[in-house]
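Biologist: I am new to this structure and would like a close look at one part of it, namely the aromatic rings that pair with one another. Please take me through them slowly, and then set them against the rest of the fold.

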Amino acid sequence: MLIYIVFLMIFVGVTAALYQVYEIHYNINVGNDKKLSKADKSHLQALSDQAKTATQTHARPDFDQAAANALSPNLDRDIALKAFAEEEKGVYAIPLLRRKARLCFNGDSSANVNSVKVRHLPFWKTTLPRTNIRAALITLVILNCFLVQLLAAMSVYTLGYPVSTPWLAWLNDPMAVMLLIYAFIFASLLITKFDRYMHDLYQLGKLFKKKAV
């Protein structure tokens, strides 16, 4: 009975690995606001509407005050306007809302990318990243998915044709294969979260390099 449960879990693992590839593809192509709190979703809509009004009428006080309240009083208002005036909210606005608590501003010239720090941990700050590592992280997730499928196939293959090579003998044990599959799935989960985090920061680095609209 246990062997059937193990193979069921291997099948579930393959499905999960394929879903992880879909999820990272979704994160790339869709401005995803699901990770925003309800308050930040409300700020996203309100600031987007006010930014549109501000760019059309050149009336800035309402937007500037709302941006200071929702984001940070130290954030340059032109930068905020640039973020929320974009048609695609996933480009700058959502990353800004999602990572606002991690941004630290040095001095008064917070529109300068070099004056902005990211607080990853209480004792660790860096500048905003200048290199986009998304392609490398996506490749790792796809590679993990391929390895999961290969291991799942081997778990079935070895039922009829056991591996005789000593250092690969663990492939004959479905439980060991299942555990390794879920290790790859967990690694992909961490990579996906890291990808979202680093891509948000990379987008903010691009934002702070741009001039306000």
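Modeller: In this predicted model, Phe105 has a relative accessibility of 15%, and because buried means under 20%, Phe105 counts as buried. Phe208 is buried as well, with a relative accessible area of 2%. These two residues bring us to the aromatic pairs, of which the count comes to four. In the pair made by Phe105 and Phe208, the ring centres are 6.4 Å apart and the planes meet at 45°, so the pair is tilted. Phe105 belongs to strand β1, which covers residues 103–105, while Phe208 belongs to helix α7, which covers residues 174–209, so the pair ties together parts that are 103 residues apart in sequence.

Another aromatic pair, formed by Tyr157 and Tyr161, is stacked, with 5.3 Å from centre to centre and 25° between the planes. Here Tyr157 is partly exposed, at 46% relative accessibility, and Tyr161 is exposed, with a relative accessible area of 56%. Besides these, Tyr19, Tyr22 and Tyr26 form one aromatic cluster.

To place the rings within the fold, it helps to follow the chain. The protein has seven helices and three strands, and from the N terminus on its elements run α-α-α-α-α-β-β-β-α-α. Its radius of gyration is 23 Å, well over the 17 Å that the globule rule gives for 213 residues, so the protein is more spread out than a compact globule. The box filled by its C-alpha atoms, taken along the principal axes, is roughly 75 × 30 × 25 Å. One separation within that box is the 41 Å between the C-alpha atoms of Ile79 and Phe146, which are 67 residues apart along the chain. Ile79 itself lies in helix α4 and is buried, with a relative accessible area of 3%.

Of the 213 residues, 39% are buried, and among contacts with a separation of 6 or more, 66% are between residues 24 or more positions apart.

The largest nonpolar core holds 32 residues, and those that touch the most other members are Phe63, Leu71, Leu75, Phe84, Leu96, Leu103 and Leu128. Two or more residues of this core come from each of α2 (38–57), α3 (61–70), α4 (77–85), α5 (93–99), β1, β2 (116–121) and α7. The element that gives the most to this core is α7, with six residues. Apart from this core lies another one, of 14 residues, including Val6, Ile10, Val148 and Leu171.

Since α7 carries Phe208, this helix deserves a closer look of its own. With 36 residues, α7 reaches 52 Å from its first C-alpha to its last, which is close to the 52 Å expected at 1.5 Å a residue. Its N-terminal end is capped by Asp173, a side-chain oxygen of which lies 3.1 Å from the backbone nitrogen of Met175.

Which residues does Arg99 touch, not counting those up to four places away in sequence? They are Arg196, Tyr197, Asp200, Leu201 and Leu204. Arg99 sits in helix α5 and is buried, with a relative accessible area of 13%. Its side chain is joined to that of Asp200 by a polar contact of 2.9 Å.

Two more of the helices that contribute to the largest core can be described in the same careful way. In α3 the buried residues are Phe63, Asp64, Ala66, Ala67, Ala68 and Ala70, and what covers them includes α2 and α4. In α2 we find Ser48, which is buried, with a relative accessible area of 9%. A polar atom of the Ser48 side chain lies 2.6 Å from the backbone oxygen of Leu44. Leaving aside neighbours within four places in sequence, Ser48 is in contact with His43, Phe84 and Lys89, and Phe84 is one of the residues that touch the most other members of the largest core.

To return to the rings, the two pairs described above have different surroundings: Phe105 and Phe208 are buried, whereas Tyr157 is partly exposed and Tyr161 is exposed.

Note on methods:
Residues numbered from 1 in each chain as written. Predicted model: local features only at pLDDT ≥ 70, side-chain atom pairs only at ≥ 80, totals over all residues. Heavy atoms only, no water. Phe/Tyr/Trp six-rings, centres within 6.5 Å; stacked < 30°, edge-to-face > 60°. Helix = DSSP H or I, 4+ residues; strand = E, 2+ residues; numbered from the N terminus. Buried < 20%, exposed > 50% of the residue type's maximum accessible area, 1.4 Å probe, protein only. Core = buried A, V, L, I, M, F, W, Y, C linked by side-chain atoms within 4.5 Å. Expected span 1.5 Å × (residues − 1). Polar contact = N/O pair within 3.5 Å; in protein donor to acceptor, adjacent residues only side chain to side chain. Contact = heavy atoms within 4.5 Å. Rg over C-alpha atoms; globule rule 2.2 N^0.38 Å.
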